[in-house]
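Trainee: I have a chain open on my screen. Where should we start?

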Amino acid sequence: MTLLLLAFLVASPAYGQYWDYYENARFGYGIDVPPDYVGNGESDNGDGQMFYNLEAEQGLTVWGGQMAGSLQAEATLVAETLAGQGWTITESASTPQWSMLAAMRDHRVLVQRSILLCDGASYAAFRAEFNIRDQNAMSGVLQGVSRSFAPIGC
C-alpha cells in the first residue's frame, strides 16, 4: 500500500491522451477523467459527478463541499466514518491545503484526496474505489487524476 501512496503522490506526465476533463462550476475545481470511465451526469445539487469503469469494477467520484472547520478536521471525520463502515485505514496524511487517505476492506481499495479551494472555506475531493487485484494498474490512474486535480480561478 505504501507504493500505491507514493505513486499517488508523485505526479507523472505519462498518461494517455484520450483522457476527458471534468470541471465543476459550482465549487471551482477540475480533474482529468481516465479513459474507459463513463460519467453518470452531474449531481442534482451541482457539487460533482460519479464516473465508472464498469468492466473493471472501478469508480471515481468527485465532489465539492463547504468545510465546517479545517481541511484536516474534514480528513479526520472521513477516516472515522470509513473506519465505522469497516474500512481499515492504511495510509493518511494531511496539511492545511490537502489531505489523502487509503483504506482497504475485503477485496476493495479506496483512495481519497481532498484539496482546499480558492475561497478557503470549501474543498473538493475525489475518491477512487477498485479491486485490490487492480492495484498496480490503478497507479497510473491515480497519478493522472491527482496531477490534474486543482482549484480553478484562484
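Mentor: Start with a term. A residue is buried if its relative accessible area is under 20%. Keep in mind that this is a predicted model.

Trainee: By that cut-off, how many residues of H3 are buried?

Mentor: H3 spans residues 135–148, which makes 14 residues. The buried ones include Met 138, Val 141, Leu 142 and Val 145. Gln 135 and Ser 148 are buried too. H3 is mostly covered, and the count is 10 of 14.

Trainee: What does H3 pack on?

Mentor: Look at the strands that H3 touches: S5, S8 and S9. The direction of H3 makes about 165° with that of S9. The packing partner is the sheet.

Trainee: What is the strand order in the open sheet?

Mentor: The sheet has seven strands, with antiparallel pairing. S3 (38–42) and S6 (88–94) are the edge strands, each pairing on one side only. From strand to strand, the twist averages 15°. The order is S3-S4-S5-S9-S8-S7-S6.

Trainee: How many bridges join S7 and S8?

Mentor: These two strands pair in the antiparallel sense. Arg 105 stands opposite Arg 108 in S8. The number of bridges is eight.

Trainee: Which strand does H2 run at about 5° to?

Mentor: H2 covers residues 71–84. The helix lies across S5, S6, S7, S8 and S9. The strand at about 5° is S7.

Trainee: Which residues have the most contacts inside the largest nonpolar core?

Mentor: That core has 25 residues. S2, S5, S7, S8, S9 and H3 each supply at least two of them. A second, separate core has six residues, including Met 67 and Tyr 123. In the largest core, the residues with the most contacts are Tyr 29, Leu 60, Val 62 and Phe 126.

Trainee: Take Leu 60. Which residues does Leu 60 touch, leaving out those up to four places away in sequence?

Mentor: Two of the names link back to earlier points. Phe 126 is another residue with the most contacts inside the largest core, and Val 145 is a buried residue of H3. The full list is Pro 34, Tyr 37, Gln 49, Met 50, Phe 51, Phe 126, Arg 127, Ala 128 and Val 145.

Trainee: Now the whole chain. What percentage of residues count as buried?

Mentor: The chain has three helices and 10 strands. About 7800 Å² is exposed, with carbon and sulfur atoms supplying 51% of that area. Of the 154 residues, the buried share is 47%.

Conventions: Residues numbered from 1 in each chain as written. Predicted model: local features only at pLDDT ≥ 70, side-chain atom pairs only at ≥ 80, totals over all residues. Heavy atoms only, no water. Helix = DSSP H or I, 4+ residues; strand = E, 2+ residues; numbered from the N terminus. Expected span 1.5 Å × (residues − 1). Buried < 20%, exposed > 50% of the residue type's maximum accessible area, 1.4 Å probe, protein only. Core = buried A, V, L, I, M, F, W, Y, C linked by side-chain atoms within 4.5 Å. Contact = heavy atoms within 4.5 Å. Pairing = 2+ DSSP bridges. Axes fitted to C-alpha atoms, helices over the stretch in contact; angles between N-to-C directions. Areas by Shrake-Rupley, 256 points an atom, 1.4 Å probe, with all protein chains shown as cover.
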